[in-house]
Structures are given as C-alpha cells and as structure tokens.
Amino acid sequence: MDINKRAKVLIQAMPYIRKFSGETIVVKYGGNAMINDKLKSAVMSDIALMRLVGVNVVLVHGGGPEINAMLKAVGKESKFENGMRVTDDETIDIVQMVLAGKVNKNLVQLMEKHGGKAIGLCGLDGNMLMAEKLVTSTDLGYVGEIKEVNPEPLQNVINNGYIPIVATVASGYDGNVYNVNADIAAAHIAAKIGAKKLILMTDIRGLLRDVNDEDSLISVVNVSEVPMLKREGIIKGGMIPKIDCCVEAVRSGVSRAHIIDGRIEHSILIEMFSDEGIGTMFY
C-alpha cells in the first residue's frame, strides 16, 4: 500500500474513532478466528488498538473444539441435541475447567502479548451470569438459560482500564454450574451494559441470500424484516439462533448488531473504522 492510501485509511478511520470513543462494544469470539494462530493474533491486535483509542471492549468466548478435545482425551464422547451439547456431571466439570481455565487464561495472555490489558472472568464471578436449567424435550443436563446479568464485575474491570474476557459458564439459582450459549450470553451482556454494538464472529461472510453464493451477501437488515426472511428460507439452520441473538440485542437497546466473517484478518477493525464495513448489520 502506498503512502497516500495509508493516509486515506487513517483519515477514514478518524470519524469512527471519534464516534465510538468512550462507547462499549461486545465481541463474541469464535470459529476459525479462535483456532488459526494468525487470525487469533489479528483479533487481539484489533481489540488492543480499539482500547487504545478509547473504545471499551468486552470479549465473550466459547471453546467448543477445546472442550471436544478434552472430552476425547478422557475417553468421553461429545453428544449434541439440536446443536446443543449434552452436559452431564462429568462434562460440566470439563466445560468449566476448559472454558474458565485453559481457554480464558490463554486468551488473557495472548491479549497482553499484543499490548492489551486484560482480565479473565466467567459468568460465576460476581454472579455475572445467572441461569436456570434449560428445559427442552430432551434432557440436556447442565445446559442453562440466562435469566439475569450482573454488569458490576464488567464495569469494574472496564473502569480500571482493562479488557474483560468472559468465559460462558453461568451460576445457577440452584447452586449448580451451567453451560450457556456464547452468542446468547454476548447478546444479554450487550443489552445489560448498554453496548453500542454487538459483533458476532463467524465462519461465513454474513447472511447470504443464496448459501451457495458468497457474493449474495445481504449487508443491512432491519430486525422487522427477519420474520419474512425466515419464511422465505433465507434465514435457516444454524443462522437462526445467531440472528435471533442480533434481533434480541437490538430490541433490547443495542444500536447495531453485526455478523462478520472471522476468517478475514482484522475484520473487527474493518467493521468498526471503515466506510465499507463487513458482514451483515442488523438495526
């Protein structure tokens, strides 16, 4: 990139930096961006830079592949029903250990390596995420439905200049620990803390009009259009819960929700600080 182009990129970013400085953004981190080392470094650099220019970021993560690997290591099969992990006594212990332990602390360390100040939390800390057992036609065990978010631990971390990195296990009113969906947790957190944006990182470009054509991206969706897009079969399968999270976040006061392609390096910065943006925006 020549000098003039570099200057234009920086100039284009200025109004967005001004707009979002002092605001809070919630990023749900997952997919290839959590597995590929190059993409992991790009995400951490993006968030460290955002914090440097005054944007508060809450990073919410899952860790399905790492949980699967640990279950396999102890000779236990991973079981799913309708896309949700069946979580028995032994599995919830492993979920808590892997998410709130290994994955969370590795991300904290990586963020620090890229110049960000981070503190690792999970939904158990300060009863940040309170859940009840999710009731479905199949007993999923210790899978929870979030009922309450206590924002105080997050605000304390942010107010002291740190980036909270949140593992998605929740505290049950019954005293149990529950495995909760990371997309849903991010949406609940974004609504509760008054986030300006919710960003869900995925392994696709966004909402596609034709799933076989990556050039059929729908860039902007009003949440009122979602039921029609479901009826037309454009929103289907695994996109339904992700988009439902975006709709719920917007209806709960989050200005914009985005589904972006985490396979693209620096996709968060492109979304936040450029005219073009990336992925699908819900408003």
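**Exercise 1. Is serine 216 buried or exposed, and what is its relative accessible area?**

*Worked solution.* Keep in mind as you go that this is a predicted model.

- Step 1: locate the residue. Serine 216 belongs to the loop between β11 and β12.
- Step 2: read its accessibility. The relative accessible area of serine 216 is 14%.
- Step 3: apply the cut-off. Buried means under 20% relative accessible area, so serine 216 counts as buried.
- Step 4: list the company it keeps. With neighbours within four places in sequence set aside, serine 216 is in contact with Leu207, Leu208, Arg209 and Asp210.

**Exercise 2. Find the aromatic pair and classify its geometry.**

*Worked solution.*

- Step 1: count. The structure holds one aromatic pair.
- Step 2: name the partners. They are tyrosine 142 and tyrosine 178, with 6.0 Å centre to centre and 50° between the planes.
- Step 3: classify. Planes under 30 degrees apart count as stacked and over 60 as edge-to-face, so the pair, at 50°, is tilted.
- Step 4: place the rings on the fold. Tyrosine 142 is in the loop between β6 (129-133) and β7 (144-149), while tyrosine 178 is in strand β10 (residues 177-179); the pair therefore ties together parts that are 36 residues apart in sequence.
- Step 5: check the surroundings. Tyrosine 142 is partly exposed at 22% relative accessibility, whereas tyrosine 178 is buried at 2%.

While you have tyrosines on screen, look at tyrosine 162 as well: the charged end of lysine 117 sits over its ring, 4.5 Å from the centre.

**Exercise 3. Pick out salt bridges that link distant parts of the chain, and describe where their partners lie.**

*Worked solution.*

- Step 1: get the total. There are 11 salt bridges in the structure.
- Step 2: start with aspartate 183 and lysine 242. Their side chains meet at 2.7 Å, N to O. This pair connects helix α6 (residues 182-192), home of aspartate 183, with helix α8 (residues 239-251), home of lysine 242, across 59 residues. Both aspartate 183 and lysine 242 are buried.
- Step 3: move to arginine 205 and aspartate 215, whose closest N and O atoms are 3.8 Å apart. Both residues lie in the loop between β11 and β12, 10 residues apart. Arginine 205 is partly exposed at 28% relative accessibility, and aspartate 215 is exposed at 68%.
- Step 4: add arginine 263 and glutamate 214, which meet at 3.4 Å, N to O. Arginine 263 is in the loop between β13 (256-261) and α9 (267-273), and glutamate 214 is in the loop between β11 and β12, 49 residues away. Arginine 263 is partly exposed at 34%, as is glutamate 214 at 36%.
- Step 5: look for shared partners. Salt bridges join Lys28, Asp183 and Lys242 into one network.

**Exercise 4. Describe helix α6 from its N-terminal cap to the loop that follows it.**

*Worked solution.*

- Step 1: find the cap. Asparagine 181 caps the N-terminal end of α6, with a side-chain oxygen 2.9 Å from the backbone nitrogen of aspartate 183.
- Step 2: list the buried residues of α6. They are Ala182, Asp183, Ala185, Ala186, Ala187, Ile189 and Ala190.
- Step 3: step off the helix. Glycine 194, just after α6, takes a positive phi of about 70°.
- Step 4: enter the loop. Alanine 195 is found between α6 and β11, where it counts as buried at 2% relative accessibility.
- Step 5: search for partners distant in sequence. Alanine 195 and glutamate 23 are 172 residues apart in sequence, yet 7.0 Å apart in space, C-alpha to C-alpha. Leaving aside neighbours within four places, alanine 195 is in contact with Thr24, Val26, Ala190, Gly253, Val254 and Ser255.

**Exercise 5. Which residues have the most contacts inside the largest nonpolar core?**

*Worked solution.*

- Step 1: recall the background. Nonpolar side chains in soluble globular proteins tend to be buried together.
- Step 2: take the largest core. It has 44 residues, and those with the most contacts inside it are Val26, Val58, Ile189, Leu198, Leu207, Ile243 and Phe282.
- Step 3: ask which element gives the most. That is α8, with seven residues.
- Step 4: zoom in on leucine 198. Beyond residues up to four places away in sequence, leucine 198 touches, among others, Val26, Ala186, Ala190, Cys245 and Val254.
- Step 5: look elsewhere. Another core, of 43 residues, lies apart from the largest one and includes Phe20, Val27, Val55 and Ile94.

Note on methods
Residues are numbered from 1 along each chain as its sequence is written. This is a predicted model: local features need pLDDT of at least 70, side-chain atom pairs count only at pLDDT 80 or more; totals for chains, interfaces and linings use all residues. Side-chain values use heavy atoms; hydrogens and water are left out. Rings of Phe, Tyr and Trp (its six-membered ring) pair if their centres lie within 6.5 Å; planes under 30 degrees apart count as stacked, over 60 as edge-to-face and the rest as tilted. Helices (H or I, at least four residues) and strands (E, at least two) are DSSP runs, numbered from the N terminus. Buried means under 20% relative accessible area, exposed over 50%, partly exposed in between (1.4 Å probe, protein chains only). A charge sits over a ring if NZ of Lys or CZ of Arg is within 6 Å of the ring centre and within 35 degrees of the ring normal. A salt bridge is a side-chain nitrogen of Lys or Arg within 4 Å of a carboxyl oxygen of Asp or Glu. A nonpolar core is a set of buried Ala, Val, Leu, Ile, Met, Phe, Trp, Tyr and Cys residues joined through side-chain atoms within 4.5 Å. Contact means heavy atoms within 4.5 Å. A polar contact is a pair of N or O atoms within 3.5 Å; within protein, one must be able to donate a hydrogen and the other to accept it, and residues adjacent in sequence count only if both atoms are side-chain atoms.
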